Amino acid sequence: RADLTGVHIDRVNFSNANLTDAKFSLNPIFLDEVVKDIYLHINHLNNEHEGLLVSINSIDLKHEEQRNFLMRQVVEKLDSLKNSALAESWGSLADVLLKEPSYAKDPAIARFIQTRLLPEWMESKNQGLLRPDEINLALVLDQLNASASAVNWSASRYQGAVNQLLYAATL
């Protein structure tokens with residue numbers, strides 16, 4: 001039984017790793033480093049597709065509990081920051097969290113998706129083109145529905161994105 005508590009897992013590929021019964025947690029000092037250099041650790045879309053989110057996402061879904069626990073640690077740390085501090089990382093966050101439905105099963109991650117990530121991502125897609133491979137459409141629609149009482153998705157700043165999602169749903 002592997003004890004991986006207090007690890008630094010930035011730029012690690014867990015593909016094909018047997019993590020059955022492994023205990024995982026991220027080192028709090030490492031999480032502080034992540035917050036200090038979000039661009040390096042979180043923004044994998046501009047860093048050769050490497051970083052903390054990609055490392056966590058490389059953990060096989062059969063280890064979903066460990067995977068979600070690590071992602072929750074990251075999301076809870078990022079949730080304490082202002083949107084401006086995450087401005088360059090919304091795309092990378094969406095690239096991972098809006099593609100993989102298992103993350104939304106965790107209440108803390110789902111709340112972050114609904115209240116922080118989706119509004120930023122939807123606003124970016126108001127003028128930007130939605131690529132078919134960019135998201136898991138069912139996941140995004142479910143999260144929009146779950147957050148409808150807290151966010152006015154009919155606001156003009158979201159209409160372009162809403163229209164693209166509705167169109168994609170008809171294909």
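This section describes the nonpolar core, the helix packing and selected residues of a predicted model.

The largest nonpolar core of the model comprises 50 residues, and the residues with the most contacts inside it are L97, W121 and M122. At least two residues of this core come from each of strand 2 (23-26), helix 1 (28-36), helix 3 (52-57), helix 4 (64-78), helix 5 (90-97), helix 6 (107-124), helix 7 (137-146) and helix 8 (156-170). Helix 6 gives the most to the core, with seven residues. In soluble globular proteins, nonpolar side chains tend to be buried together.

The surroundings of L97 illustrate how these elements meet. Residues up to four places away in sequence being left aside, L97 touches M71, V75, Y103, I109, F112, I113, L117 and L139. L97 is itself one of the buried residues of helix 5, a group that also includes W90, S92, L93, A94, D95 and V96. Helix 5 is thus mostly covered, with seven of its eight residues buried. The buried residues of this helix pack against helix 3, helix 4, helix 6 and helix 7.

M71, a contact partner of L97, is placed in helix 4. Its relative accessibility is 0%, and M71 therefore counts as buried, the cut-off being under 20%. Apart from neighbours within four places in sequence, M71 is in contact with L53, I56, V96, L97, Y103 and I109. The C-alpha atoms of M71 and W153 lie 26 Å apart in space, with a separation of 82 residues in sequence.

Helix 4 also packs on helix 6. The axes of the two helices come within 9 Å and cross at roughly 40°. At this angle, helix 4 and helix 6 are therefore oblique to each other, and helix 4 passes helix 6 in a left-handed crossing. On the side of helix 4, the contact is made by N68, M71, R72, V75, E76 and L78, while helix 6 contributes A108, I109, F112 and R116. Six of the residues in this contact are nonpolar, one is polar and three are charged. M71 and I109, which touch each other, both belong to this contact.

A second packing arrangement of helix 6 involves helix 7. Here the axes come within 10 Å and cross at roughly 105°, an angle at which helix 6 and helix 7 are therefore roughly perpendicular to each other. In this contact, A110, I113, Q114, L118, W121 and M122 of helix 6 meet V140, Q143, L144 and A146 of helix 7. The contact of helix 6 with helix 7 is formed by eight nonpolar and two polar residues, with no charged residue. W121 and M122, which take part in this contact, are listed with L97 as having the most contacts inside the largest nonpolar core.

Helix 7 packs in turn against helix 8, at an angle of about 130° and with the axes 11 Å apart. Helix 7 and helix 8 are therefore oblique to each other, and their crossing is left-handed. The residues that meet are L137, V140, L141 and L144 in helix 7 and L165, A168 and A169 in helix 8. The contact between helix 7 and helix 8 consists of seven nonpolar residues, with no polar and no charged residue. V140 and L144 of helix 7 take part in this contact and also in the contact with helix 6.

Toward the N terminus, L31 is located in helix 1. With a relative accessibility of 8%, L31 counts as buried. Beyond residues up to four places away in sequence, L31 touches L26, Q73, V74 and K77. The C-alpha atoms of L31 and N43 are separated by 15 Å, the two residues being 12 apart along the chain.

Two residues with positive phi values were identified in the loop between strand 1 (3-7) and strand 2, namely N16 and D21. Phi of N16 is near 65°, a positive value in a residue other than glycine. N16 is exposed, because its relative accessible area of 81% is over the 50% cut-off. D21, likewise not a glycine, has a positive phi of about 65°.

Technical notes
Residues numbered from 1 in each chain as written. Predicted model: local features only at pLDDT ≥ 70, side-chain atom pairs only at ≥ 80, totals over all residues. Heavy atoms only, no water. Core = buried A, V, L, I, M, F, W, Y, C linked by side-chain atoms within 4.5 Å. Buried < 20%, exposed > 50% of the residue type's maximum accessible area, 1.4 Å probe, protein only. Helix = DSSP H or I, 4+ residues; strand = E, 2+ residues; numbered from the N terminus. Contact = heavy atoms within 4.5 Å. Axes fitted to C-alpha atoms, helices over the stretch in contact; angles between N-to-C directions. Parallel < 35°, antiparallel > 145°, perpendicular 65-115°, else oblique. Left-handed = near helix turned anticlockwise from the far one by under 90°. Nonpolar A, V, L, I, M, F, W, Y, C, P; charged D, E, K, R; others polar.
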